[in-house]
Amino acid sequence: MAEVLHRLENIRVRYRNEHVLDVKNLEFLAGRSYAVVGPNGSGKSTLLGLLNLLVKPSRGKLLYRSRDVGAPGFDLKSARREMTLVMQEPVLFRGTVFKNVAYGLKARGTPAEEIRRRVTHYLALLDLESFENRPVHELSGGEAQRVALARALALESRILLLDEPTANLDRDKARTVENLLLELRNHGERMVLVATHDPWQAHRIADEVITLSEGKIAPTKPENLFSGILSEHRGGWGVEVIPGVVIQVLGQGQGEVRLVIDPEDVLLALEPIRSSARNSFHGPVRRIERIGSAMCITVGAEIDLHAIITENSLKEMGLHEGKEVWATFKSSSVHLF
Ligand code: ADP
Ligand code: MG
């Protein structure tokens, strides 16, 4: 069993008179990667601050490696040395890029040649090879964000907490960072947690997606996630997700891909729909579940598909378990990654 690193029990965080975080039970395990998604103000940064042992809960218990963080005698200093937080708007120190990335390592008494090795290595991973001697005040926002990431990664901490790490990056650079995070997650005992407002990114990089809504854990919408081989299909492109079942897509290319269809983009009907939508599947309703104020319907066609509809449509269509329906979505609703 993987070690439980953080455990939250009935945690509340209050600023002034408002609860900005209210979490009953949540655990973070070594060797796993997490994404926290939610709109602005939903409490993502507060959760990261809590896990980094900076933010104090106003109620409840936070355990780190089975020890109560609030108890007298808890060794805050050693615990904090095992984690690194990159803030949403990271602050760099004056001086060169090299000095910034080396800073934490120096403070920890790392030998000079090891510092040099790590600085070079992590700058290269973030496409910043030639930046070592650049003064940080000359950097663009995106470059500064990547320097801050290199500085954090260079510490090789067991726990990495990243607050919207790709917010200032263009698509290519964001992909570089995402790929780097994917590599990190395959490295044994590490825990990586990324706050993001991009649900696609969350699914690309994390084993587990936690959704926050006004400080509370909201049910993460079940996603229609599939993988398969992308190839030409009937004059367009398709991904064979199980033998003989092809999902039509817009993206071109070849080879293994993953794809996701937002359940809100899956339409349900009692008759086959004649439309430009390219994907249509037929089968019985297997499950009806409430997700917040909407309903999630799982259709058991050749593949299981989730659709989110309103309670009204559920009633109008007279849906119940076992009823046969058509689930339809456009190729443009299929996101490849
Ligand atoms: P997110 O990162 O998801 O945008 P935050 O955790 O930053 O959300 O904020 C959650 C809520 O807490 C917001 O309503 C915000 O205004 C409030 N908040 C965050 N930090 C503070 C603070 N230091 N003092 C007072 N209110 C705060
Ligand atoms: Mg934030």
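**Ligand 1 and the open sheet in a predicted model**

A backbone N or O atom of G43 lies 3.0 Å from an oxygen atom of ligand 1, in what is a predicted model. Taken alone, ligand 1 exposes 560 Å², and the protein buries 61% of that area. The points below turn from the surroundings of this ligand to an open sheet of 6 strands and to helix α6, which lies across some strands, β8 among them.

**Around ligand 1**

- The residues that surround ligand 1 are Y15, R16, V20, P39, N40, G41, S42, G43, K44, S45 and T46, and this shell divides into 3 nonpolar, 6 polar and 2 charged residues.
- Helix α1, which covers residues 44-51, gives the most to the shell around the ligand, contributing 3 residues.
- A polar backbone atom of G41 is 2.7 Å from an oxygen atom of ligand 1, while for a polar backbone atom of S42 the distance to an oxygen atom of the ligand is 3.2 Å.

**The open sheet**

- The 6 strands of the open sheet follow the order β6-β7-β8-β3-β9-β10, and their pairing is mixed.
- At the edges stand β6 (83-86) and β10 (216-218), each of which pairs on one side only, and the twist from one strand to the next averages 25°.
- Strand β9 (residues 208-213) and β10 run antiparallel and are joined by 3 bridges; the bridge partner of S213 is K216, in β10.

**A helix across the strands**

- Helix α6, made of residues 171-185, lies across β3 (33-37), β7 (159-163) and β8 (191-196), and runs at about 150° to β8.

Technical notes. Residues are numbered from 1 along each chain as its sequence is written. Chains are lettered from A and ligands numbered from 1 in the order in which they are written. This is a predicted model: local features need pLDDT of at least 70, side-chain atom pairs count only at pLDDT 80 or more; totals for chains, interfaces and linings use all residues. Side-chain values use heavy atoms; hydrogens and water are left out. A residue is near a molecule or strand if one of its heavy atoms lies within 4 Å of it. A polar contact is a pair of N or O atoms within 3.5 Å; within protein, one must be able to donate a hydrogen and the other to accept it, and residues adjacent in sequence count only if both atoms are side-chain atoms. Accessible areas come from the Shrake-Rupley method with a 1.4 Å probe; for residues, only the protein chains shown count as cover. Helices (H or I, at least four residues) and strands (E, at least two) are DSSP runs, numbered from the N terminus. Ala, Val, Leu, Ile, Met, Phe, Trp, Tyr, Cys and Pro count as nonpolar, Asp, Glu, Lys and Arg as charged, and the others, Gly among them, as polar. Two strands pair if DSSP finds at least two bridges between them. Axes are lines fitted to C-alpha atoms, for helices over the stretch in contact, and angles run from 0 to 180 degrees between N-to-C directions. Contact means heavy atoms within 4.5 Å.
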